[in-house]
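Trainee: I should like to go through the interface between two chains with you. May we begin with the structure itself?

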2 protein chains.
Amino acid sequence: MRLVVASCAARYTGRLSAHLPRATRLLVVKADGSVLLHSDGGSYKPLNWMSPPCTLVVGEPDDESRAAGVTAVWTVQHQKSDDRLEIELFEVLHDSAHDLGVDPGLVKDGVEAHLQALLAAQIGLLGSGHVLVRREYPTAIGPVDILAKDPTGGSVAVEIKRRGDIDGVEQLTRYLELLNRDPLLAPVRGVFAAQEIKPQARVLATDRGIACLTLDYDAMRGVDDVDSRLF
Amino acid sequence: MRLVVASCAARYTGRLSAHLPRATRLLVVKADGSVLLHSDGGSYKPLNWMSPPCTLVVGEPDDESRAAGVTAVWTVQHQKSDDRLEIELFEVLHDSAHDLGVDPGLVKDGVEAHLQALLAAQIGLLGSGHVLVRREYPTAIGPVDILAKDPTGGSVAVEIKRRGDIDGVEQLTRYLELLNRDPLLAPVRGVFAAQEIKPQARVLATDRGIACLTLDYDAMRGVDDVDSRLF
DNA sequence: CGCTATATTTCGGGC
DNA sequence: GCCCGAAGTATAGCG
């Protein structure tokens, strides 16, 4: 990994065209050739970058650029597309290289899966008398998060999201369409369950006769600690 | 901006829980206090990070950690949530600080908004005699990019994408379903307009009676320079 | 390899 | 400020 802090200007052409006026920035060249241009704020997203696989060529400025103070020109060309990032370096304040080796990567644990386990354990949240049929009930287009039976014996399909968006309602709608073709299950009601349901998603769900259920993660954790069943 | 290259391990708790086993990484501390942990590959996304506003506290390791080789402990706490990133530093290979100043930021052009402005200005591309009703026509589930009238007085809803994918057809379908319930508008025809329409999207659109319109960005810019109205 | 769904998404625009 | 959609989205899981 090479770290350069320099006054620079950049131009990107590819999916879009964009340019960066001259300013002092951090340039990171990773082992795979990818390049990041970071400012001293914003977020984890660089101002501009080139994703691997790509090739960095360090060149000399032409006379005009040199006269304008450019000391080097970096051309980063993507290997599979026309994406190209051109960086003009002016004053270089820092330049160092480091051997980092391979990274074992981030180890994370689930949230949506956790919500699913909690709701399965507290299936009564769907309404008194509900019974769990199974989690990850398989269909031709993918598993439904939860399938349950209500007290009258009717089927209930539940789609669980951390954040309930329109996409989730669409997903549940597709499942319901398929499940309702199964004479052993039909009619199947739909329940859209999420920690937070966006207004538009609620409108769409209601419009399609799908019930919305807001899940209180902390309250559900308090009722029954199912963490051990997940891991 | 502070740059540290060090062998380190990290633990994040917040929206999720995750940890990073010990390895050599780049740690970037930005002027706003945010921290990025980068490996020597992957992409522009860090392995782990803390977004601003947050506070970095550098502390001493306890005896047990010190015995294990930890030389410093960084605690990065988000100021508005419980998000917390804890980093244990072992061997430090590099440590430097740099004053970058304020960045003017990225200047980009040529996006969906631009296509929308161009098509609104050249609404005749939908067919001779079409008239613009309005851009961003509101519905309960979000605004339709363009609503127009055809020469017979019929309504036309247009969804614009840079790349026409199935998602866009689904989105337009939802809008059409809602718009067609409005007796003042119905029947509403749909037009799916994009610089490039994927074959699958075209098939789905055609199947649903939605017309496809391929937009020639350069040609549209040539006809009428509306850049000044956008920027 | 392609498609699908998620993300500690981030970012920008409209209201 | 919130809400919502787009992103040069990136990334992981599956078929």
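The exchange that follows concerns the contact of chain A with chain B.

Mentor: This is a predicted model, in which local features need pLDDT of at least 70 and side-chain atom pairs count only at pLDDT 80 or more, while totals for chains, interfaces and linings use all residues. Residues are numbered from 1 along each chain as its sequence is written, chains are lettered from A, and side-chain values use heavy atoms, without hydrogens and water.

Trainee: What area is buried between chain A and chain B?

Mentor: The size of an interface is often given as the accessible area lost when the parts come together. Buried area is taken with a 1.4 Å probe and summed over both parts. Carbon and sulfur atoms give 60% of the area here, and the total is about 4,800 Å².

Trainee: Which three residues supply 16% of the area that chain A buries against chain B?

Mentor: No other three residues of chain A supply more of that area. The three are Asp40(A), Tyr44(A) and Leu100(A).

Trainee: How many salt bridges does the rule find across the interface?

Mentor: A salt bridge requires a side-chain nitrogen of Lys or Arg within 4 Å of a carboxyl oxygen of Asp or Glu. Asp207(A) and Arg181(B) meet in this way, at 2.8 Å from N to O. Across the interface of chain A and chain B, the number found is four.

Definitions and conventions: Buried area = accessible area lost by both parts, 1.4 Å probe.
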